[in-house]
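This briefing is meant to be read beside the sequence and the model. The points are grouped by topic, so that each can be checked against the display.

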Amino acid sequence: WLNWYSRDYERNNGYRTDDETFLHTRLIQNHQQTIATEYFIQYEQAPFAGLKRRLLLGTGIRWHNWSKINTGNQQSSGDSFQGLGIFNEQIREVDLGSTQIEQRYRGNVYSHWLYQAAGERAISTSATLYLQPDLADSDDVKVLLQAQLTLPITEQLHLQWKWQSNWDSRPPSGVSKEVHETKMQLKYSF
């Protein structure tokens with residue numbers, strides 16, 4: 001099982017300035033060393049981006065198509081994963097002041113790359129790309145790109161930089177087709 005939850009909420013001078021929720025749960029079944037099937041549910045809400053609710057129910061297959069194993073302290077390591085899937089998208093958006101409710105099936109093409117440099121406190125990086133076309137309308141496409149760079153300070157303390165870009169060929173009115181976010185954070189693992 002893979003689960004994650006994220007909640008961003010901000011108030012400034014008594015006014016709400018950010019309010020986003022993200023929940024994802026995924027069951028991955030490994031069938032061989034390199035092939036797995038997956039089943040997932042995802043919920044998001046981002047009212048400031050015109051998204052009242054987005055619910056995904058999907059399935060897919062992924063394969064581990066490249067691996068470089070770290071065989072000692074002087075070796076870098078890396079992995080690459082690819083995937084194909086399909087999901088049902090139920091979405092409620094605010095467009096020109098009224099709520100639009102839509103349901104569609106989207107494909108999901110997925111690529112994920114990981115790299116760990118050699119050495120005891122070496123940097124690591126990852127990138128993930130999702131391409132999600134509407135199966136009934138090829139002009140309706142969503143794309144998500146996530147990248148991350150982690151620099152260890154100590155064994156448990158890391159400095160982490162994250163980049164996320166979203167593209168939507170048909171966003172609600174008044175919302176940009178592309179949204180880019182970056183974060184710098186201090187991460188403590190125990």
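**A hairpin and its surroundings**

In the hairpin formed by E5 and E6, where two residues lie between the strands, Leu 96 adopts a positive phi near 55°. The model is a predicted one, and the values below are computed from it. The chain as a whole contains ten strands and zero helices, and the points that follow move from this overall picture to the pairing of strands, a pocket and two individual residues.

**Overall make-up**

- Read along the sequence, the secondary structure follows the pattern β-β-β-β-β-β-β-β-β-β, and the C-alpha trace of the chain spans about 60 × 45 × 25 Å along its principal axes.
- The chain has 190 residues, of which 30% are buried.
- Among the contacts in the chain with a separation of 6 or more, 41% are made by residues that lie 24 or more positions apart.

**Strand pairing around E6**

- Strands E5 and E6 run antiparallel and are joined by 19 bridges; within this pairing, Arg 92 has Ile 101 of E6 as its bridge partner.
- E6 also pairs in the antiparallel sense with strand E7, which covers residues 124–134, and this pairing extends over nine bridges.
- For Gln 116, the bridge partner in E7 is Ser 124.

**The second largest pocket**

- The second largest pocket holds about 150 Å³ of space, and of the 13 residues that line this pocket, those closest to its centre are Glu 93, Glu 102, Arg 104, Asp 140 and Arg 170.
- Strand E5 (77–95), strand E6 (98–116) and strand E8 (137–152) are the elements that each give two or more residues to the lining of this pocket, and E6 gives the most, with four residues.
- By residue class, the lining of the second largest pocket divides into nine charged, three nonpolar and one polar.

**Arg 26, in strand E2**

- Arg 26 is found in strand E2, which covers residues 15–30, and this arginine counts as buried because its relative accessibility, at 7%, falls below the 20% cut-off.
- The side chains of Arg 26 and His 24 are joined by a polar contact of 3.0 Å.
- When neighbours within four places in sequence are left aside, Arg 26 is in contact with Trp 1, Leu 2 and Asn 3, with Glu 38, Tyr 39 and Phe 40, and with Arg 62.

**Thr 125, in strand E7**

- Thr 125 has its place in strand E7, the strand that pairs with E6.
- Is Thr 125 buried, exposed or partly exposed? Thr 125 counts as partly exposed, because its relative accessibility of 34% lies between the cut-offs of 20% for buried and 50% for exposed.
- The side chain of Thr 125 reaches the backbone oxygen of Gln 148 at 2.9 Å, and Gln 148 also appears in the list of contacts made by Thr 125 once neighbours within four places in sequence are left aside, together with Trp 113, Leu 114, Tyr 115 and Leu 149.
- Thr 125 and Ser 6 are separated by 119 residues in sequence, and their C-alpha atoms are 21 Å apart in space.

Terms used:
Residues are numbered from 1 along each chain as its sequence is written. This is a predicted model: local features need pLDDT of at least 70, side-chain atom pairs count only at pLDDT 80 or more; totals for chains, interfaces and linings use all residues. Side-chain values use heavy atoms; hydrogens and water are left out. On a 1 Å grid over the protein atoms alone, a cavity is a set of points where a 1.4 Å probe fits but cannot get out, and a pocket is an open set with protein on both sides within 12 Å along at least five of seven lines; lining residues have an atom within 4 Å of a point. Grid points are joined across faces, edges and corners, and a volume is the space filled by probe spheres set on the points. Ala, Val, Leu, Ile, Met, Phe, Trp, Tyr, Cys and Pro count as nonpolar, Asp, Glu, Lys and Arg as charged, and the others, Gly among them, as polar. Two strands pair if DSSP finds at least two bridges between them. Buried means under 20% relative accessible area, exposed over 50%, partly exposed in between (1.4 Å probe, protein chains only). A polar contact is a pair of N or O atoms within 3.5 Å; within protein, one must be able to donate a hydrogen and the other to accept it, and residues adjacent in sequence count only if both atoms are side-chain atoms. Contact means heavy atoms within 4.5 Å.
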